Every structure is written in C-alpha cells, then in structure tokens.
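Hi everyone, thanks for coming. I'd like to walk you through one protein today, going from its sheets to its empty spaces. Have a look at the screen first.

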Amino acid sequence: MTTAIPASRPATFLAPTFLLVEPSHYDVSYTINPWMQPGVWAEDPDGHRREAQSAFASLGEALRAAGAQVEIVDGVAGLPDMVFPANGGIVLDRRALLARFRHPQRQGEAPAFRAAFEGFVARGLIDEVITLPAGMTQEGAGDCIWDRTRKLAWTGYGPRSSPGAPAFIAETFDIEVRRLELATDRFYHLDTCFCVLPGGEVLYYPRAFSREGNALIRDTVSADLLIEASDDDAARFCVNAVALDRSVVMATPAERLVGVLRERGYTVSPVALDPFILSGGGAYCMTLRLDLRTR
Ligand code: ARG
C-alpha cells in the first residue's frame with residue numbers, strides 16, 4: 001500500500017483573502033495625520049495595547065464570518081503603523097506593487113512589506129513584486145480601490161501618493177483608473193473617504209474631495225448608487241470599510257448608516273476599533289486584499 005503524497009500547496013487563494021499585521025508592536029507615538037493622538041495613547045499604553053489585541057482579534061473574526069480567509073504576518077518593532085497593511089502595496093492579478101511611503105516614520109515598512117510579498121511569491125500565490133519609479137510615493141491600496149462593477153481603480157493622490165502615481169498604476173496593471181485629488185489632510189488616504197460596495201454602490205464623504213473630484217465621482221457613478229457619508233460616519237472611520245458579498249465590516253457605526261446599508265441589502269458587522277482610530281485608521285486599512293482579479 002502506498003501512502004498518499006500530500007498535495008502541494010495551492011497556488012491560488014481559495015477564498016477572498018486579506019493580509020493582516022499582528023499588532024504587538026502597535027502604538028501611537030508620532031503624528032502624521034490630524035487624527036493621531038499620541039497623548040491619549042501615552043495615558044494608558046498597556047490598556048490601549050490590550051484593547052488593540054482584542055480589536056484585532058474581533059476584526060479577524062468578522063472577516064472570517066463574512067467568508068474571508070486571513071493571512072497574518074508579524075509586525076516589526078519601531079514600525080507601529082505596519083498594522084495598516086492597506087498602505088503596504090497594491091495586489092492585483094497576482095502582482096504586488098510595493099508602496100513607497102511619504103513620511104520617514106513609515107518608510108521602514110516598505111522592506112517589511114516586500115518580505116511579506118516575497119513570502120507569497122515563494123508560496124506560489126503571487127507572481128512578482130514591482131517597484132515604483134524613483135521619486136514617486138504611493139501608499140498602496142489605501143490610495144487605490146478596485147471597483148469590480150465598473151472594472152476600474154479609483155486612485156487617490158495629494159497628501160500621501162504622488163500625482164503621477166495613478167498613471168503608473170494604470171500602466172502597470174493595464175487597467176483604467178479614475179484620479180481623485182484628496183482635498184484635505186483629514187482625509188489623507190482615499191480609503192478614509194471612499195468605499196466601493198460589491199453591488200456597485202459608492203459610500204463616500206463629499207467634503208474630502210475637490211469640486212473636480214466630486215464631479216468625477218458623480219459622472220462615473222449613477223446617482224442611485226451614491227451613498228453620502230455624514231461627518232459623523234467619516235469621523236468614526238466607517239467609510240473605511242471592508243465589503244464582501246452582502247457583509248460590510250466596519251468600525252462601530254451610527255444607527256443611521258446601518259439602516260441605510262440595510263435598505264440596500266447589506267448587513268453591517270461592527271467592530272470596536274477605537275485603539276486604531278487613535279492612529280487614524282479603520283477596518284479597510286487594517287487589511288490588504290490579496291486575491292483581486294481585474295479581468
Ligand atoms: N497612522 C497611519 C498613517 O497616518 C494610519 C494609516 C491608515 N491607513 C489608511 N489607509 N487609511 O499613515
């Protein structure tokens with residue numbers, strides 16, 4: 001009798017798959033966006049760190065309950081914002097475009113994300129890691145949101161990503177892009193103010209965009225699919241949401257937004273992400289989708 005040879009590792013993701021970064025090295029110790037509150041963190045670092053661990057666990061559970069698979073890599077000491085892997089790169093069609101960060105505080109994350117992507121290459125799950133041209137910054141999927149309904153990527157630029165990044169993304173992945181200038185430092189990544197739902201609805205915060213940006217959104221998305229986030233929704237980081245089928249995972253929302261999404265057939269899974277909101281991040285930027293296909 002022969003023993004079955006174990007099957008080789010699958011070379012494709014078998015479910016929607018998100019990269020998460022374990023938060024043991026997370027803290028809020030500097031300020032590179034107006035939401036960051038190192039003073040509040042410093043009042044009770046141990047308490048916040050414990051809360052961060054349980055918030056991270058809840059996020060993983062919510063994603064799995066929504067049908068996702070989760071890949072967790074370790075963080076790195078001295079790189080607290082690595083818990084936001086959406087900024088580490090863009091992964092489309094099995095190719096990873098490695099980020100380049102605007103602020104020195106986060107620049108050390110790029111080699112760490114490169115190592116994570118190389119790990120997926122070694123497992124046969126990703127084909128290659130691509131580098132940005134010299135001088136260009138681009139903060140990953142935080143500024144590049146794939147819209148499967150319209151077959152294009154919405155790209156943000158301004159506070160973090162260079163104005164030239166959208167064109168490079170378009171060329172690299174051979175996709176159509178829409179360029180949205182981010183008008184304020186409060187909404188420094190596109191994912192803080194713009195979210196595409198699986199049915200093609202767009203949840204967005206109009207005041208984060210310039211007049212041209214708002215016009216472009218309205219020209220591309222029919223009015224019945226536009227959902228405006230309130231000031232409160234935006235400040236709670238609810239626009240920074242992860243949607244899978246009919247589930248939307250987001251930082252604890254107000255009832256109004258839950259109702260609006262329910263009417264459109266979505267179920268909201270709220271996760272208390274307060275310790276991460278102290279750094280200006282929510283559910284979407286704590287994840288990086290690895291299995292997206294553009295065609
Ligand atoms: N403190 C981090 C920063 O300012 C938060 C990043 C959140 N990421 C995001 N894609 N919104 O860079």
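Okay, let's start with a sheet of three strands, which is open, has the order β6-β7-β8 and shows mixed pairing. Before I go on, some housekeeping: this is a predicted model, where local features need pLDDT of at least 70, side-chain atom pairs count only at pLDDT 80 or more, and totals for chains, interfaces and linings use all residues. Residues are numbered from 1 along each chain as its sequence is written, and side-chain values use heavy atoms, with hydrogens and water left out.

A few words on vocabulary. Helices (H or I, at least four residues) and strands (E, at least two) are DSSP runs, numbered from the N terminus. Two strands pair if DSSP finds at least two bridges between them. And in general, strands of a sheet pair through backbone hydrogen bonds, either parallel or antiparallel.

Back to our sheet. Which strands sit at the edges? They're β6 (144–147) and β8 (176–181), and each pairs on one side only. On average, neighbouring strands here are turned by 25 degrees against each other, direction ignored. For angles like that, axes are lines fitted to C-alpha atoms, for helices over the stretch in contact, and the angles run from 0 to 180 degrees between N-to-C directions. β6 and β7 (residues 152–157) run antiparallel and are joined by four bridges. You can find W146 with its bridge partner A153 in β7. Remember W146, please.

Now the helices that go with this sheet. Helix α5 (residues 165–173) lies across β6, β7 and β8, at about 165 degrees to β8. Helix α6 (residues 211–220) also packs on the sheet and touches β7 and β8, where contact means heavy atoms within 4.5 Å. The direction of α6 makes about 145 degrees with that of β8.

What else does α6 lie across? It lies across β9, β10 and β11, running at about 160 degrees to β10. Those three strands form an open sheet in the order β9-β10-β11, with mixed pairing. The edges are β9 and β11 (226–228), each pairing on one side only. From one strand to the next, the twist averages 20 degrees. Three bridges join β9 to β10 (residues 202–204), and the two run antiparallel. One pair to look for is V196 with its partner V202 in β10.

Next, a hairpin. β3 and β4 have two residues between them, and D93 in the turn has a positive phi of about 50 degrees. These strands pair in the antiparallel sense over four bridges, with L92 opposite R95. On to β4 and β5 (residues 128–130): they pair in the parallel sense over three bridges, and L97 stands opposite I130.

Let's zoom out. The protein has nine helices and 15 strands. Its radius of gyration (taken over C-alpha atoms) is 18 Å, close to the 19 Å from the globule rule (2.2 Å times the number of residues to the power 0.38) for 295 residues, so it's as compact as a globular protein of that length.

Finally, empty space. On a 1 Å grid over the protein atoms alone, a cavity is a set of points where a 1.4 Å probe fits but cannot get out, while a pocket is an open set with protein on both sides within 12 Å along at least five of seven lines; lining residues have an atom within 4 Å of a point. Grid points are joined across faces, edges and corners, and a volume is the space filled by probe spheres set on the points.

The largest pocket holds about 660 Å³. Of its 35 lining residues, the closest to the centre are W146, V196, A243, R289 and L292, so to speak our old friends W146 and V196 again. Which strand gives the largest share of the lining? That's β6, with four residues.

There's one cavity of 30 Å³ or more, and the largest cavity has a volume of about 80 Å³. F84, N87, R106, Y188 and G280 are the closest to its centre among 16 lining residues.

That's my tour, thanks for listening!
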